[in-house]
Amino acid sequence: MITKDQNLALLAIAKAASENSAWKYYADYCFMREKGLRKEAFKSLDKFLKSSKDWSFDMKIEFVRFLFHYFENVEDADYGPFPQPLNVDLVKPALEEWCSTEQKDHNPFRWYGKYYHSEKHIFKALEVNPADDLARQILLGWWANRINYSIHHLPEFYIGDPIEDIQLEEKIREQIKQLSSPDLRDYWTKEIDEDSELVKNYFDFKNSGHNDFEKWGKENNKQTGYSLTRSYYYEK
């Protein structure tokens, strides 16, 4: 089901895409998808993908740049406007080809890394442009979620290895230091501080020889539970 934000994104992208004659069928897909005409929309998308087979490399890159500009700046633009056939048949192959030759532009590496979950590509984006805070925050979000996953069932049980999570926390803090924005550094420091406290408490509990984490916490006035569900958002 397409949400209100996804409908707004479909309309915004459709209007912009309609200005390029080569993207007409993609614009039609977005317009029809916004109206709920799913079957007709995918017929237009199929025509668009068939027409893109004859595109030059530069034409493919132009379209990919167009799409990801909206994905990173318009809420939910990477849902309805980014259906699986478009992803698989055009965008992913184009990004793979682009990344195989690109030396100066960090964007394709960040985009590939985020949407195809590749730390290697995120690190490449940061190698090309160490000031790419968007790429760095993607990495921070992934790593912070790993720690959060380990502790989200506390005080009942800990998932994973607290020693590995402490080591991961150190890596996170090193990446936080390299963010160019003081506000972002403060934000991520607060985010990791919450979870690292629980990890450290559990580590200390295990080393204490105590057999009940919750009781240990009460006895030592330490936090042992985590009840909030948190999502990570990246600066647009």
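## Salt bridges in a predicted model

Over residues 228-236 the pLDDT (the predictor's confidence in each residue, from 0 to 100) stays under 50, and for this stretch the model has 26 contacts beyond four places in sequence, a contact meaning heavy atoms within 4.5 Å. Where pLDDT is low, the predicted coordinates should not be read in detail. For the protein chain, the average pLDDT is 93, and 94% of the residues score at least 70.

This is a predicted model, in which local features need pLDDT of at least 70 and side-chain atom pairs count only at pLDDT 80 or more, while totals for chains, interfaces and linings use all residues. Residues are numbered from 1 along each chain as its sequence is written, and side-chain values use heavy atoms, with hydrogens and water left out.

A search of the whole structure finds 11 salt bridges, each defined as a side-chain nitrogen of Lys or Arg within 4 Å of a carboxyl oxygen of Asp or Glu. Three of them are listed here.

| Salt bridge | N to O distance |
|---|---|
| Arginine 110 and glutamate 72 | 2.8 Å |
| Arginine 146 and glutamate 119 | 2.4 Å |
| Aspartate 204 and lysine 200 | 3.0 Å |

Aspartate 204 and lysine 200 are 4 residues apart in helix 10 (residues 182-208), so about one helical turn separates them; helices are DSSP runs (H or I, at least four residues), numbered from the N terminus. Aspartate 204, at 26% relative accessibility, counts as partly exposed, where buried means under 20% relative accessible area, exposed over 50%, and partly exposed in between (1.4 Å probe, protein chains only).

Salt bridges that share partners join Glu72, Arg110 and Asp132 into one network. Within the pair formed by arginine 110 and glutamate 72, arginine 110 lies in helix 6 (residues 107-115) and glutamate 72 in helix 4 (residues 57-73), so this salt bridge ties together parts that are 38 residues apart in sequence. Both arginine 110 and glutamate 72 are buried.

Because arginine 146 lies in helix 8 (residues 133-151) and glutamate 119 in helix 7 (residues 119-128), their pair ties together parts that are 27 residues apart in sequence. Arginine 146 counts as partly exposed at 41% relative accessibility, and glutamate 119 likewise counts as partly exposed, at 22%.

Which side chain of opposite charge is nearest to arginine 136? Arginine 136, which lies in helix 8, is buried yet has no salt bridge, and the nearest such side chain is aspartate 133, 4.8 Å away; Lys and Arg count as positive and Asp and Glu as negative, with His and the chain ends not counted. Not counting residues up to four places away in sequence, arginine 136 touches Leu126, Pro130, Gln175, Gln178 and Leu179.

Note on methods: Helix = DSSP H or I, 4+ residues; strand = E, 2+ residues; numbered from the N terminus.
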